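Got your viewer open? Here is a walk through one model, stop by stop, with something to select at each.

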Amino acid sequence: KSKYSPLMVWSDWEQTIPITEKFIPNAKADEIKNAVQLILPDSKLSLRILGLSGLGKTRMLFEVFRPIVGNESSILLSSRVLYINCNDNSNADYQAIFSKLNLDKEGHIVILDNCSIEIHRQALGFTKRANNKTLFISLDSNPEEITHNKINGVNYLVINKIDLASVVDEILNRDFGGIGDENIKTIKEFSQGIPLMAVLLAESV
């Protein structure tokens, strides 16, 4: 368990992910992994991932930190993770949490899911401190932020619906082949590249 509650260690984060389907690697997931690798050497950097709900932002980031048996660097990376879903912790004192992390200097990677721009700005205040060792990665479902309200000095990555079209295709062909080609074609059109929507539509057929 995490001493930074309500932040969770990776294994507790895993319990919150509805992993009913095998993860489908894709180019966007690789892009997220590369974006994480880019900020790892420098705790002054932070990453903000934007995209509509249902695209799989959280799952793709979760898989970046999955520990690989026998791979010490991946196990170490996973052990640094602390996760929080800001929607479930609206009353959390983020200033106090970030202060404790800053004082402990343990080099954690804090993942702020459903994170408002205000909370990421708070985190940014700590990344600028000379002795900071904490990395911050946030996710939110407002892709328009990057054009209307972008935070200076933050690395952004935007996930668009078209980026996950291949994932939708694979899910439908792999798990729902029995519903027929016509249904699959219709679901592809209606889901607009959103994997969660494709699954919900296919399950309702």
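**Stop one: Lys33 and its helix**

Start by selecting Lys33, which sits in helix α2, residues 27-39. This is a predicted model, so treat every value on the tour as computed from predicted coordinates. Is Lys33 buried or exposed? Somewhere in between: its relative accessibility is 41%, so Lys33 counts as partly exposed. Now add Phe65 to the selection, 32 residues away along the chain, and check the C-alpha distance to Lys33: 8.9 Å.

Keep α2 on screen and bring in helix α3, residues 57-64. The axes of α2 and α3 are 9 Å apart, and the angle between them is about 55°. Angles from 35 to 65 degrees fall outside the parallel and perpendicular classes, and α2 and α3 are therefore oblique to each other. The crossing of α2 past α3 is right-handed. To see the contact itself, show side chains for Lys28, Ala29, Ile32, Lys33 and Val36 on the α2 side, and for Met60, Leu61 and Val64 on the α3 side. Lys33, where you started, is one of the α2 residues in that contact.

**Stop two: a pair of helices, α5 and α6**

Next, select residues 94-104 for helix α5 and residues 117-127 for helix α6. At what angle do α5 and α6 pack? About 25°, with their axes 10 Å apart. Under 35 degrees counts as roughly parallel, so that is how α5 and α6 run relative to each other. Their crossing is right-handed. For the contact, pick Tyr94, Gln95, Phe98, Ser99 and Asn102 from α5, then Ile119, Gln122, Ala123 and Phe126 from α6.

**Stop three: backbone oddities**

A bit of background before the next clicks: most residues other than glycine have a negative phi, and most peptide bonds are trans.

Go to Lys105, in the loop between α5 and β3, where β3 is residues 109-113. Phi of Lys105 is near 50°, a positive value in a residue other than glycine. With a relative accessible area of 37%, Lys105 is partly exposed.

Then hop to Asn114, in the loop between β3 and α6. What is phi of Asn114? Near 50°, again positive and again not a glycine. Asn114 is partly exposed too, at a relative accessible area of 26%.

For a peptide bond to look at, select Ser5 and Pro6: the bond joining them is cis, with omega about 15°. Pro6 belongs to the segment before α1, which covers 10-16.

**Stop four: two cysteines**

Select Cys115 and Cys86, then draw a line between their sulfurs: 4.6 Å. Why is there no bond from Cys86 to Cys115? A disulfide needs the sulfurs within 2.5 Å, and the sulfur of Cys115, the closest cysteine sulfur to that of Cys86, is too far away for a bond. Searching the whole structure turns up 0 disulfides. Both cysteines are buried: Cys86 has 6% relative accessibility, and Cys115 has 0%.

**Stop five: α8, α9 and α10**

Finish with three helices: α9 at residues 181-191, plus α8 (165-175) and α10 (195-203). Which residues of α9 are buried? Ile184, Ile187 and Ser191. They cover an arc of only 65° around the axis, so they sit on the same side of α9. Rotate to the other side of α9 and you will find Asp181, Glu182, Glu189 and Phe190 exposed. The buried residues of α9 pack against both α8 and α10. Just past the end of α9, click Gln192 for a positive phi of about 55°.

Now hide α9 and look at α8 and α10, which pack at an angle of about 25° with axes 9 Å apart. That makes α8 roughly parallel to α10. The crossing of these two is right-handed. Their contact involves Val167, Val168, Ile171 and Leu172 from α8, and Pro195, Ala198, Val199 and Ala202 from α10.

Leave Pro195, Ala198, Val199 and Ala202 selected, since these are buried in α10. Looking down the α10 axis, you will see the buried residues fall within an arc of 95°, so they line one face of the helix. Bring α9 back for the last view: α8 and α9 are among what covers the buried residues of α10.

Methods. Residues numbered from 1 in each chain as written. Predicted model: local features only at pLDDT ≥ 70, side-chain atom pairs only at ≥ 80, totals over all residues. Heavy atoms only, no water. Buried < 20%, exposed > 50% of the residue type's maximum accessible area, 1.4 Å probe, protein only. Helix = DSSP H or I, 4+ residues; strand = E, 2+ residues; numbered from the N terminus. Arc of directions from axis to C-beta. Contact = heavy atoms within 4.5 Å. Axes fitted to C-alpha atoms, helices over the stretch in contact; angles between N-to-C directions. Parallel < 35°, antiparallel > 145°, perpendicular 65-115°, else oblique. Left-handed = near helix turned anticlockwise from the far one by under 90°.
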